[in-house]
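Me: I'm new to reading protein structures. Could you walk me through one, feature by feature?

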Amino acid sequence: MAKIKKTVKTIKIDADKCNGCRTCEVVCSAFHSEPKYSSVNPATSRIRVITHRLKDIWLPVFAGEYTPAECMGRDKYIIDGKEYDECTFCRATCPSRDMFKDPDSGLPLKCDMCEGNESGPLCVEWCLNDVLIFEEREEEVEEEVVIDEMEAGLEALIDKYGYDKLGTAFARLTQKA
Ligand code: SF4
């Protein structure tokens, strides 16, 4: 399998600095609204801040991959004496919860690092407490890894709309190209 170069983007989270203001959720949902900046709805944000107000615990979690099935193994976290639900810090869009799904269409929401925004992810830019730190690096990966990512996205669309509708959409796009 051929190796190709891939740009890996990460957001480092300095959780101790987070005060739970949720500005990151607001700007993320505004950037990803259609048309851009036309509305704000934190339920559509690709970053969600998990909170436990009484204990002053705030932890930003970014939307990750779509998965069509629940996982068999689960993690349990106890932070400062508070036990969190098994799925609380998971980044996946999966059938067992509503997190990281568009509330209207049910389609998975995945962090795209605010693709198209020249200054990088808006949550990083607008977090005034420097909780979120953007990093970018080049890595060599197997070509198969990139194909796997495309397949996961297509799988989500097939689950939602079925093969026939997706086929029609591809046919229309091919005509436009
Ligand atoms: Fe935390 Fe920064 Fe998000 Fe505010 S904007 S909730 S401080 S990560």
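Reply: Sure, let's go from the whole chain down to a single residue. Keep in mind that this is a predicted model.

Me: Let's start with the big picture. How many helices and strands does the protein chain have?

Reply: A good habit is to count the elements and then read their order. Here the protein chain has three helices and six strands. Starting at the N terminus, the order is β-α-β-β-β-β-α-β-α.

Me: And what does the chain span along its principal axes?

Reply: For that we follow the C-alpha trace, which spans about 55 × 40 × 40 Å. The protein chain exposes about 11,700 Å², with carbon and sulfur atoms supplying 52% of that area.

Me: What percentage of the residues count as buried?

Reply: Of the 177 residues in the protein chain, 32% do. You can also ask how far apart in sequence the touching residues are. Take the contacts between residues at least 6 apart in sequence: 64% of them join residues at least 24 apart.

Me: Now a single element. Is helix H1 mostly covered or mostly uncovered?

Reply: Check its residues one by one. Helix H1 covers residues 23–31, and seven of its nine residues are buried, so it's mostly covered. The buried ones are Cys-24, Glu-25, Val-27, Cys-28, Ser-29, Ala-30 and Phe-31.

Me: What do those buried residues of H1 pack against?

Reply: They pack against E2, helix H2 (122–126) and strand E6 (132–142).

Me: There's a ligand too. Where does the ligand sit?

Reply: In the largest cavity. Next, look at who surrounds it. The ligand's neighbours include Cys-18, Asn-19, Arg-22, Val-49, Pro-60 and Cys-127. By type, the shell around the ligand divides into seven nonpolar residues, four polar and one charged.

Me: Val-49 is on that list. Why does Val-49 count as buried?

Reply: Compare its relative accessibility with the cut-off. Buried means under 20%, and Val-49 has 4% relative accessibility, so it counts as buried.

Me: Which element holds Val-49, and what does Val-49 touch?

Reply: Val-49 belongs to strand E2, residues 47–52. To see what it packs with, skip residues up to four places away in sequence. Val-49 then touches Cys-18, Gly-20, Arg-22, Cys-24, Glu-25, Trp-58, Leu-59 and Pro-60.

Me: One last thing: how far apart are Val-49 and Phe-100 in sequence and in space?

Reply: Those are two separate readings. Val-49 and Phe-100 are 51 residues apart in sequence, and their C-alpha atoms are 12 Å apart in space.

Note on methods: Residues are numbered from 1 along each chain as its sequence is written. This is a predicted model: local features need pLDDT of at least 70, side-chain atom pairs count only at pLDDT 80 or more; totals for chains, interfaces and linings use all residues. Side-chain values use heavy atoms; hydrogens and water are left out. A residue is near a molecule or strand if one of its heavy atoms lies within 4 Å of it. On a 1 Å grid over the protein atoms alone, a cavity is a set of points where a 1.4 Å probe fits but cannot get out, and a pocket is an open set with protein on both sides within 12 Å along at least five of seven lines; lining residues have an atom within 4 Å of a point. A molecule sits in a cavity or pocket if more than half of its atoms lie within 2 Å of its grid points. Ala, Val, Leu, Ile, Met, Phe, Trp, Tyr, Cys and Pro count as nonpolar, Asp, Glu, Lys and Arg as charged, and the others, Gly among them, as polar. Helices (H or I, at least four residues) and strands (E, at least two) are DSSP runs, numbered from the N terminus. Buried means under 20% relative accessible area, exposed over 50%, partly exposed in between (1.4 Å probe, protein chains only). Contact means heavy atoms within 4.5 Å. Accessible areas come from the Shrake-Rupley method with a 1.4 Å probe; for residues, only the protein chains shown count as cover.
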